[in-house]
Amino acid sequence: MSIVADQGTTSRADAGKPGGGRLPGDRPKALSLNRQTGMTIGLVVILALLPLVVGDSNYTMRLLVVSMIWGGVSLAWDLLLGYAGVFNLGQVGFFALGAYASAMLSENAGLNPWWGLLAGAAAGAVVAVLLGIPSLRLAGIYVALLTLAFYEVLSPLLTVGEAIGTGGKRGISPITPYTIGGYTFTGSNQIPWYYVALGLFVVCLIVCYFAINSRFGASFIALHDSESFAQSLGISRYKVSLMIVGVSGLLTGLMGAFYAHYTAVVSPRVLGLEVFIYLVIMVLLGGVGKFPGPAIGAFIVIFLSDWLREFENYRMLIFGALVVVIVMVAPRGIMGAVDSAQQFVRRRRASPATPTDVGRSS
Amino acid sequence: MRELVEVLITGFTIGIVYFLVAVGFTLCYGVGRVLNYSYGSFFTWGAYLAWVLAVGYAELNYFLVFLIVLPITFLMGVAVDRVIIRPLRSRPEFDFSVLLATLGLAVFLDNLVLVIFGARTKSLPEFLEGSVTLAGFTISWQLLAMFIFAAVVAVILFVFMAKTRTGMSMRAVAQDPIGARIVGIPLFRVFAITFGISTMLSGAGGILLAPRFFMTPLGGWTFLVKALIIVIAGGLGSIKGTLYAGFLLGILEALVGWQLGLLWVMPVWFLVLFLVLLIRPAGLFGAVARKG
Amino acid sequence: MLRLEHVTKHFGELAAVNDLSFELEEGEVFGIAGPNGAGKTTVFNLISGFLHGSGRIYFDGRRIDGLQPHQITHLGVARTFQIPQPFNSMTVVQNLRIGEYYGVAGRSGPKKDAPWNDLAELISFVGLEGKEARPVSTLKLYDKKLTVLASALATKPRLIMLDEALGGLSAVEAEQSLELLQRLNREWGLTIIMIEHLMSALTRSCDRLLILNNGEALRIGEPRTVVEDPVVIECLVGVKHA
């Protein structure tokens, strides 16, 4: 028996330092230009410039703001569904709690709405982690069951929570809008709302991007790829899942907080099935585990839903069927289709008689 | 005191219905490895089909209603398994695909009800009116009928599982699908039948509980979640656990509804579930849920 | 170095491992053989924390039964799997980086030393040179096995447990693997436990051999003696003919 290697002082950073530097096949450096980064930057640039074109139409601007809110949430959710393999069905719950936290603090305690963003993010993260503690030790399906139960129970809970200021069934309304240097945001001018929403959306994009393309990201992708192998290499499934659930809850709560002040009303109706299924389609349509696809899915779904507005009840019927069809026919969504198209083009390019330089010259 | 006993009797009766609903859900997972999130929609469909036959378009008696509606919900389940679940079985991410597909299906089925029947709540009349006084306690005939119906269905289910060829095949598949296939059990047929039985149980629950709660197109979700909570608390796949959890939560519901109001039922249920999971992570009778 | 005391694991009524005790010396190559279903992989799962049973397991005098898989890895016990399932969405190097980074605990954890200086050296040692940037999903079985092994080695273990490292390989590949294992032991001083079906490989490379049958230790000792034991022959051959 030898008692070597007991307590040491090597820090993880030292131990993990890639001795001998980078090797071929190492992760591309963060922000190296690939499709993911390109699409992300392109998306942000387009959104930043879009008000120049559609800024006059408050209606379109509103749809864009809502798209960005849900785009951020779908990215945060996809972090769990597509990358970490945590089947959380309570995402809308985190969103609602973020909204309530910010609304309650500003209406009942008189807090400046800007601080509400932090409060909402904190509420989302804390509840997500609290929910993760009992469920993430269990098998994946349990997470889905437990979080769905949480989501369904939240609406009655917020209704009976009237005593602590949730406003009961009717919720909280109106909610104080943001102010900046004496200027108060109003519904008739969407530009300020738009750029705050864009800012928050960019926060979601950046956090998710770095969460995925980092060592931390590698750990939960590893767990998703091959759980036992990942654990045998020293990854704690529980710790990693709990952290990623916290990050996802944080971003979702943040968007919820903004939503409350933007729509000036928050009630248990935000927990309706409609919102939930919209979110499902956004992620599915955009491409599960295909950053930034889910955000693009959000824009499509919001505009599609607006376009289908006259169908009323049939709209949800269509959306329900759409989910089933996407799962069965195109489970990898739009980004999956882009992948296939790219591969097709690559194969076409590779097939000509002179394979060298063909890719570069075109 | 007397009121308490009556509340407990009510709770016990709801408990057995909840057990029926939840056992269908857990059966579907135990045998077919499918967590069916559209389970609540079959509850809704059961109730609405019963309404069509008993109130809306005919006035059949309940016995006939059961005889007609249950086979329909069974066939709906078989169809869903064939059309949606079976093609997904070859997917590497089967669990995830099924989760999303059944969620979508639930929204589709619920909104189909909404489109056909409208958003207004409907109600089924009680099976039997009046009440009986036994040893000083008043029990409504309705409750008694509910209890008897549910008990009969439960007994049939147990006998079916224990004695019939199909029931035994289902148990074999639950224990070892590959082994079952090797000895010649037609796996996909067993999956389909199981799915049908489970949706039929959900539909039966819908008919039994519809006179108690109002029917709405989205009402099934509450019962899906109730089934979920019972199943998790009892231990996924454990019929014994489902039985205890069903009774426990049924009685709890009656007590909470009596003392605090029905709105508090779900929050209290969830709290109980949370506590059960903190103490016994795999549920009261669960065996293999824990992972590293 | 590693000691099992009365380790038992039941699956329902069935005892997959029953009252198993043995001890491993530092630097030893220890083989485990036995018919299918004898509980070999279950023993690995118990040692590496994927399963928990009764009895005690010590590593370096410290009790490790009850620890989680990642904690056991951090102490210096690595393992491979019967069917290699590397991270398919990553390249070979990225697989190894996971082991390199997460295989060592944080500041307060145990310190680990490795016989190699950097991953490039490890890669060339196992023979994956030139395949660093390949997506793992495009590799053939042998290279997948090497990737899993190299990732396990990247956690800087002192004890490595190999679950059928030679299974499914061609004769040439199996020979190369066996040589690699011997070099791990001789040049890097790693202690090895290996589950293997190929008896010739076991007698050639192991210092001691454990024969498991129905979860119990049938024989344990010097390979050649064990293999010639009539009880062992009956157990292994009898099952083969069944």
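In this predicted model, strands β1(C) and β2(C) make a hairpin with 2 residues between them. Gly12(C) sits in the turn, and its phi is positive, at about 65°. The two strands run antiparallel and are joined by 7 bridges. Leu2(C) has Leu24(C) as its bridge partner in β2(C), while Leu4(C) is matched with Phe22(C) in that strand.

Leu4(C) also has a partner on the β4(C) side, namely Ile57(C). Here β1 (residues 2-11) and β4 (residues 54-59) of chain C are held together by 5 bridges, again with the strands antiparallel. From β4(C) the pairing carries on to β5 (residues 62-63) of chain C, an antiparallel match over 2 bridges. Phe59(C) is the residue that faces Arg62(C) in β5(C). β4(C) and β5(C) form a hairpin too, with 2 residues between the strands, and Asp60(C) has a positive phi near 55°.

Put together, these pairings give an open sheet of 4 strands in chain C, ordered β2-β1-β4-β5 and antiparallel in its pairing. The edges are taken by β2 (14-24) and β5 of chain C; each has a single partner strand, so one side of each has no neighbour in the sheet. Strands in a sheet are linked by backbone hydrogen bonds, whether parallel or antiparallel.

Helix α4 (residues 119-126) of chain C comes next. Its buried residues are Leu119(C), Leu122(C), Ile123(C), Phe125(C) and Val126(C). Looking down the axis of α4(C), these buried residues fall within an arc of 160°, so they line one face of the helix. The general rule behind such a pattern is that an α-helix has 3.6 residues a turn, so residues three or four places apart point the same way. The buried residues of α4(C) pack against three other helices of chain C: α3 (92-102), α5 (141-153) and α6 (171-186).

Both ends of α4(C) can be described as well. At the N-terminal end, Asp118(C) acts as the cap, with a side-chain oxygen 3.1 Å from the backbone nitrogen of Ala120(C). After the helix comes Gly127(C), which has a positive phi near 90°.

As a whole, chain C has 9 helices and 10 strands. Its radius of gyration is 18 Å, close to the 18 Å that the globule rule gives for 242 residues, so chain C is as compact as a globular protein of that length. The C-alpha trace of chain C spans about 50 × 45 × 35 Å along its principal axes. Of the 242 residues in chain C, 58% are buried. Counting contacts in chain C between residues at least 6 apart in sequence, 66% link residues that are at least 24 apart.

Chain A, by comparison, has 15 helices and 2 strands. Buried residues account for 56% of its 362 residues. For contacts in chain A between residues at least 6 apart in sequence, 79% join residues at least 24 apart. One residue of chain A to pick out is Ser135(A), which belongs to helix α5 (residues 113-135) of that chain. Ser135(A) has 2% relative accessibility; buried means under 20%, so this serine counts as buried. Leaving aside residues up to four places away in sequence, Ser135(A) touches Val143(A) and Leu146(A).

Finally, the nonpolar cores. The largest has 229 residues, and the members that touch the most others are Phe201(A), Phe258(A) and Tyr37(B). Helix α3 (residues 58-84) of chain A gives the most to this core, with 16 residues. Leaving out residues up to four places away in sequence, Phe258(A) touches Val65(A), Ile69(A), Leu117(A), Tyr178(A), Trp193(A), Val196(A), Ala197(A) and Leu200(A). There is also a second, separate core of 45 residues, and its members include Ala150(C), Ile160(C), Leu190(C) and Leu209(C).

How values were computed. Residues numbered from 1 in each chain as written. Chains lettered and ligands numbered in written order. Predicted model: local features only at pLDDT ≥ 70, side-chain atom pairs only at ≥ 80, totals over all residues. Heavy atoms only, no water. Core = buried A, V, L, I, M, F, W, Y, C linked by side-chain atoms within 4.5 Å. Buried < 20%, exposed > 50% of the residue type's maximum accessible area, 1.4 Å probe, protein only. Contact = heavy atoms within 4.5 Å. Arc of directions from axis to C-beta. Polar contact = N/O pair within 3.5 Å; in protein donor to acceptor, adjacent residues only side chain to side chain. Pairing = 2+ DSSP bridges. Rg over C-alpha atoms; globule rule 2.2 N^0.38 Å.
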